[in-house]
Amino acid sequence: MRNFAALLLLLVTTSLPAQENTCQSLLTRKGLSQRASVPIGSCGNCHTGSTLSPLLAARLGNPEGNRWIRGDEILIWLGQKTTPDNPQAENSKDLSAIDRHSQAWTSLRSKTAEQMGKVLGKPNQLHRDPACLACHSSLPVYELEKDSAGLVSANYETDIRLTSGVSCEGCHGPAGDSLGADGPQKPGWGTAHVSPDNWRYLTPAEKCDHGYYDVRSVVSRTRLCVSCHVGNAELGRVITHEMYAAGHPPLPPFELQTFEQQMPRHWQEYHEKPQDMRTRFEAQTSYQPAEPTELKTRELLISALVTWSESLKLTADLAEQKTVVDFVKSPWPEFAQFDCYACHHDLRHDGWRQQSQVRGRPGRPRLTPWPATLAELAWQITTTDPGSGSSAPLAGFASVQQASVAAPFGDTVELMTATRSAAAAADQLIDRLQNTPLTAQQQQAVSTALLQKGTSGTVDYDSARQLAWSWLLLNSTDQNRQSLFPELFLQLHQGRAEADPIPGSENLSVTVIRIDPALSLPPIANYDPISFRKAFEALSQSPPPRTP
Ligand code: HEC
Ligand code: HEC
Ligand code: HEC
Ligand code: HEC
Ligand code: HEC
């Protein structure tokens, strides 16, 4: 125990000055409404090139096609992927080739949404409901003009800035000029970035000053994705149990790099960019790239801690109700914050739940367990004392657990304090990890710890998916290994089907896809923790070589 205390002290005292999490102020209600949004059409000249568009080639000063960016990002986002052998843009029918963000608004007009609208008493209205648009569009919905029913004005139905769903600006930030509400008007990144010589070598903070969200840093990138894929109360991005009960597909557990790989990816990793351009970049910016395998492992740990921290803040905000946007109807206790399978499972005698070491009180739903699983592992790796080999338990975890079962649905006051302080502890470790590469020993320990977690006891479905994802991410690119975990649905696009045409979509050149619950839900019901454990046992007997 003394070791832990010493370690924690070390952790506090040696943490470098918190690396400024630039852009955090951009991902707030104020930050997102300070700048104008521009239609995606104005990006087309430069970002739809299958062969490098002449305009972009001129900007990059590199007509040979050697490029810092791909230049065909919009086509990838639309699912009209091009390859070097087939420069002609083609409407792809491969469901995994479509970036679903391009359909986020269209989905609000799908059969599933139509049915949800009926159940929620808002027939044919959900594509105008800010509670849905907060995640299914790129505009700051809290700012948009609403009618007396609280729906976003019908004028927006034909506004491409809304109907393009989660478009470039949904992740990269509003590209237009600042609206002047906050000091002198500044040119937006949409115009500032098109001249590489002036833009490329800016620091993330300088880019943020133009409203450009820093997607390179793993911390701000995870916060961005998680704001929609887990939730963010301040931005009104909250999935309620009412939405689930009306038919919203359950959100899969989030793991950053796995989700990025399945997006599909429209960017090159730093080490994939042309060597001469990297050399120049490093000379101009004194940037020191991390070794790719080390970075991948560290990003796994950092993003796990960020996800845990953000999910705690969401729970705290919903319990407190203070910062929650008015259009979110989510009175506490919000069932969607608790373990779905605590309430939704067949009653069975001798079920695996009775044998598992559920942490908490039998019969009281605990908080959704998966965000803690990888965070626990990250904490363990980074706090292990090389001398004694002992590590600290995930800070604040015990008190969050305790508070969440102290009364049915938790002791609200205790829960608010416990979640916020656990989030603060995680944030502190994140700051440190950002600046400290993992040792070779620590990297190896991550795989070992994954195997340990996979083979010890019973793991819930979502945590099992996360462990399998992480293991595959670090240890193998061999798709066959996924067959070790047959009931886990490791590819997000499994359980997807081509959707019925959506009213008004006749002119869309893309395949519209939908989540088919008949395909995606049975595996959850069939999930068997014992066969999952056996799969991990098989892996621990023959660990594969690490791929560089
Ligand atoms: C006139 C051509 C042009 C137009 C129009 C244009 N871009 Fe770009 N874009 C570029 C160039 C050139 C780069 C590479 C900049 C560099 O070298 O850092 C780039 C880079 C980017 C990046 C990566 C920036 C970074 O710092 O890594 C994003 C994101 C992007 N563009 C999005 C957009 C969006 C969204 C629009 C429409 C609002 C748009 N672009 C319009 C030329 C253009
Ligand atoms: C769901 C979020 C998301 C959306 C939507 C999105 N991007 Fe990106 N984009 C990213 C992330 C994340 C990165 C960089 C990640 C990294 O560097 O690790 C990126 C990187 C880029 C880059 C730099 C590419 C490179 O090779 O370095 C360009 C250019 C870009 N995006 C353009 C666009 C355009 C144009 C659109 C709209 C069609 C768009 N993005 C939509 C998340 C998104
Ligand atoms: C503004 C909200 C928002 C942000 C930010 C966002 N997403 Fe999404 N994402 C969505 C929505 C909404 C969907 C579902 C779209 C649909 O099908 O209607 C989605 C779908 C996806 C899917 C497809 C999932 C599947 O089941 O097929 C992946 C993968 C994904 N997002 C990854 C990411 C990553 C990685 C980031 C961060 C770089 C990110 N998203 C940022 C809202 C967002
Ligand atoms: C505290 C218990 C509890 C928790 C936790 C809970 N639910 Fe529910 N859920 C209910 C109850 C009660 C109903 C209403 C059942 C009915 O109408 O028969 C319901 C209904 C539903 C329904 C519609 C009815 C059905 O069975 O299809 C769905 C879907 C659903 N919940 C999904 C979820 C998801 C996803 C989660 C986790 C994010 C979750 N629930 C967490 C208690 C819970
Ligand atoms: C917290 C963010 C968030 C909110 C709020 C939200 N969604 Fe979603 N929605 C998502 C994400 C993320 C997905 C993709 C889930 C996946 O990958 O399985 C999704 C998927 C969907 C799908 C399935 C798309 C398909 O391809 O079948 C529909 C339909 C949908 N949402 C409708 C709605 C409606 C209607 C509302 C409002 C009542 C809403 N959503 C609110 C994030 C959100």
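The following paragraphs describe two iron sites, the surroundings of three ligands and the cysteines of a predicted model.

Residues are numbered from 1 along each chain as its sequence is written, with chains lettered from A and ligands numbered from 1 in the order in which they are written. Because the model is predicted, local features need pLDDT of at least 70 and side-chain atom pairs count only at pLDDT 80 or more, while totals for chains, interfaces and linings use all residues; side-chain values use heavy atoms, with hydrogens and water left out.

The iron atom of ligand 4 is coordinated by two histidines, H241 and H344, each through NE2, at 1.9 to 2.0 Å. Donors are taken as N, O and S atoms within 2.8 Å of the metal (3.2 Å for Na, K and Ca), and sites may look incomplete because water is not among the atoms. The arrangement is octahedral because the 6 donor atoms around this iron subtend angles of 87 to 179 degrees. Six donors count as octahedral if opposite donors are over 155 degrees apart and all others between 65 and 115. For reference, the ideal angles for six octahedral donors are 90 or 180 degrees. The two histidines link distant parts of the chain, 103 residues apart: H241 belongs to helix α14 (residues 241-246), whereas H344 sits in the loop between α18 (340-343) and α19 (352-355). Helices (H or I, at least four residues) and strands (E, at least two) are DSSP runs, numbered from the N terminus. H241 is partly exposed, at a relative accessible area of 27%, and H344 is exposed, at 53%. Here, buried means under 20% relative accessible area, exposed over 50%, and partly exposed in between (1.4 Å probe, protein chains only).

The shell around ligand 4 consists of H241, Y244, A245, F335, A336, F338, D339, C340, C343, H344 and F409, a residue being near a molecule or strand if one of its heavy atoms lies within 4 Å of it. A nitrogen atom of ligand 4 is 2.8 Å from a polar side-chain atom of H241, and a side-chain N or O atom of H344 is 2.7 Å from a nitrogen atom of the ligand. Two elements, α14 and α18, give two or more residues to this shell, and α14 has the largest share, with 3 residues. By residue class, the shell around ligand 4 holds 8 nonpolar, 2 polar and 1 charged. In this division Ala, Val, Leu, Ile, Met, Phe, Trp, Tyr, Cys and Pro count as nonpolar, Asp, Glu, Lys and Arg as charged, and the others, Gly among them, as polar.

In ligand 5, the protein donors of the iron atom are H136 (NE2) and H248 (NE2), which lie 2.0 to 2.1 Å from the metal. This site is also octahedral, with angles of 85 to 179 degrees among its 6 donor atoms. H136 lies in helix α7 (residues 130-136) and H248 in the loop between α14 and α15 (256-261), so the pair ties together parts 112 residues apart in sequence. H136 is partly exposed, with a relative accessible area of 22%, whereas H248 is buried, at 16%.

Around ligand 5 there are 25 residues, of which C132, C135, H136, H248 and I515 come nearest. Side-chain N or O atoms of R100 and R496 lie 2.8 Å and 3.5 Å, respectively, from an oxygen atom of ligand 5. The backbone also takes part, with an N or O atom of I513 placed 3.2 Å from an oxygen atom of the ligand. Two or more residues each come from α6 (111-119), α7, α13 (218-229) and β2 (513-515), and α7 gives the most, with 4 residues. The shell divides into 15 nonpolar, 6 polar and 4 charged residues.

Ligand 2 is surrounded by 20 residues, the closest being C168, C171, H172, R216 and H266. A side-chain N or O atom of H266 is 2.8 Å from a nitrogen atom of ligand 2. Oxygen atoms of the ligand lie 2.9 Å from a polar backbone atom of Q268 and 2.6 Å from a side-chain N or O atom of K273. Helices α5 (73-78) and α9 (168-172) each supply at least two residues of this shell, which comprises 10 nonpolar, 6 polar and 4 charged residues.

With a disulfide defined as a pair of cysteine sulfur atoms within 2.5 Å, the count comes to 0. Among the cysteines, C43 is partly exposed, at 22% relative accessibility, and C132 is buried, at 12%.

Technical notes
Tetrahedral: all angles 85-135°; square planar, octahedral: opposite > 155°, others 65-115°. Polar contact = N/O pair within 3.5 Å; in protein donor to acceptor, adjacent residues only side chain to side chain.
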